[in-house]
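Here's a quick walk through one model, strand by strand. Have a look at the fold first, then read on.

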Amino acid sequence: MCGDDMPDPCACANLPVRRPGSRGDAIDVAGTTGSLLDRVRAGEMVLLRADCPLELTGEILAAETRYTLRHYLRCRLCEQTMLYGLCIRGEPIFRPADPDEPLTVAWEPSTTFVDTVGGPVLRYGR
């Protein structure tokens, strides 16, 4: 993510949003999702591949129709690729990812799949 040598404000700055009042690194899912959505809409970040659009994240998690959701995004300023991962029974993750990672992981067939990268999509499941 953005380092000290990057101009301010980089789209990666202050991500993920931390849960208020929590000890440690607890990620605020609603805050992080909202912040990412704002940055994608502003053109500061691009959603590369994801199990669903950021707009549907809360709805899908609440309905528990999927166990996990992955969102790969890239900051347009520093070019860092990031993984934002969510699970209905676990803690969220937000970490730097290899630029090719969205192309090399397998994706479950889904009507909500987002792909702005193009090219072949590795599939598993049904």
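## Sheet, helix and pocket

G85 in β3 has I93 in β4 as its bridge partner. Helices (H or I, at least four residues) and strands (E, at least two) are DSSP runs, numbered from the N terminus, and two strands pair if DSSP finds at least two bridges between them.

Before going further, a word on what you're looking at: this is a predicted model, where local features need pLDDT of at least 70, side-chain atom pairs count only at pLDDT 80 or more, and totals for chains, interfaces and linings use all residues. Residues are numbered from 1 along each chain as its sequence is written, and side-chain values use heavy atoms, with hydrogens and water left out.

**The sheet.** Five strands make an open sheet, ordered β4-β3-β2-β1-β5, with antiparallel pairing. β4 and β5 (114–115) are the edge strands, each pairing on one side only. Here are three of the pairings:

| Strand pair | Bridges | One bridged pair |
|---|---|---|
| β1 (residues 45–50) and β2 | five | L47 and L73 |
| β2 and β3 (residues 81–87) | seven | R74 and T81 |
| β3 and β4 | five | G85 and I93 |

L73 also stands opposite M82 in β3. Two hairpins show up here: β2 and β3 have five residues between them, and E79 in that turn has a positive phi of about 70 degrees. β3 and β4 form a hairpin too, again with five residues between them.

Strand β2 (residues 68–75) is mostly covered, with six of its eight residues buried (under 20% relative accessible area; exposed is over 50%, partly exposed in between, with a 1.4 Å probe and protein chains only).

**The helix.** α1 (residues 29–41) has 13 residues and spans 18 Å from first C-alpha to last, close to the 18 Å expected at 1.5 Å a residue (that is, 1.5 Å times one less than its number of residues). Its buried residues are T32, T33, S35, L36, L37 and R39. They pack against β1, α2 (57–63), β2, β3 and β4 (93–97), contact being heavy atoms within 4.5 Å.

**The pocket.** Which residues lie nearest the centre of the largest pocket? They are T65, R66, Y67, T68 and E108, out of ten lining residues. On a 1 Å grid over the protein atoms alone, a pocket is an open set of points where a 1.4 Å probe fits, with protein on both sides within 12 Å along at least five of seven lines; lining residues have an atom within 4 Å of a point. The largest pocket has a volume of about 190 Å³.

Notes
Grid points are joined across faces, edges and corners, and a volume is the space filled by probe spheres set on the points.
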